[in-house]
Amino acid sequence: MLYVTRREVFSASHRLDNKSLSEEENKAIYDKCYNRYGHGHNYTLEVVVAGDIDPRTGYVIDLKELKKIIHENIISKVDHHHFNYDVDFMQGIIPTTENIAVAVWHQLVDKITTGKLYSVKIFETENNYIEYKGE
Ligand code: NI
């Protein structure tokens with residue numbers, strides 16, 4: 001089994017606001033990410049596909065194809081957008097990096113038909129990232 005990774009970067013805004021909590025509780029939990037109008041992050045997304053080498057091509061998955069799948073389903077929807085307002089697959093979900101990773105997984109899992117989606121990693125900063133493997 002081999003693991004192929006495609007990395008993409010995007011910029012997006014979010015506001016972390018749990019409507020079932022008080023303003024004080026939201027501030028205490030989310031701090032700057034509770035900023036009234038939201039704020040931005042430069043995210044890095046890593047998508048890992050696992051599979052065997054296709055003897056015809058020598059590839060696990062054609063990286064051009066993987067790039068196209070990620071762009072059509074994720075980057076075009078999130079880059080320079082606001083997760084809370086105009087990202088269709090995040091409506092009604094608090095846009096923590098955890099929730100974004102799970103949502104991105106669900107967007108991609110059926111689209112990757114060469115090999116298998118193995119993991120989705122999202123870096124919200126250089127030092128913090130979340131990885132989701134579908135379970
Ligand atoms: Ni934030």
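**Exercise 1. How many nonpolar, polar and charged residues does the lining of the largest pocket have?**

Before we start: this is a predicted model, where local features need pLDDT of at least 70, side-chain atom pairs count only at pLDDT 80 or more, and totals for chains, interfaces and linings use all residues. Residues are numbered from 1 along each chain as its sequence is written, and side-chain values use heavy atoms, with hydrogens and water left out.

*Solution.*
- Step 1: find the lining, which is made up of Arg15, Asp17, Lys19, Asn84, Tyr85, Met90, Gln91, Gly92, Ile93, Ile94 and Pro95.
- Step 2: sort by class, with Asp, Glu, Lys and Arg as charged, Ala, Val, Leu, Ile, Met, Phe, Trp, Tyr, Cys and Pro as nonpolar, and the others, Gly among them, as polar.
- Step 3: read off the result, 5 nonpolar, 3 polar and 3 charged residues.

**Exercise 2. Name the protein donors of the nickel ion and classify its site.**

*Solution.*
- Step 1: look for donors (N, O and S atoms within 2.8 Å of the metal, or 3.2 Å for Na, K and Ca; water is not among the atoms, so sites may look incomplete).
- Step 2: His14 (NE2), Cys33 (SG), His39 (NE2) and His41 (NE2) lie 2.1 to 2.2 Å from the nickel ion.
- Step 3: along the sequence, the spacing of these donor residues is H-x18-C-x5-H-x1-H.
- Step 4: four donors count as tetrahedral if all angles lie between 85 and 135 degrees; they count as square planar, and six as octahedral, if opposite donors are over 155 degrees apart and all others between 65 and 115; anything else is irregular.
- Step 5: the angles among the 4 donor atoms are 98 to 138°, and the nickel site is irregular.

Conventions. 1 Å grid on protein atoms, 1.4 Å probe; cavity = no way out; pocket = protein on both sides within 12 Å on 5 of 7 lines; lining within 4 Å.
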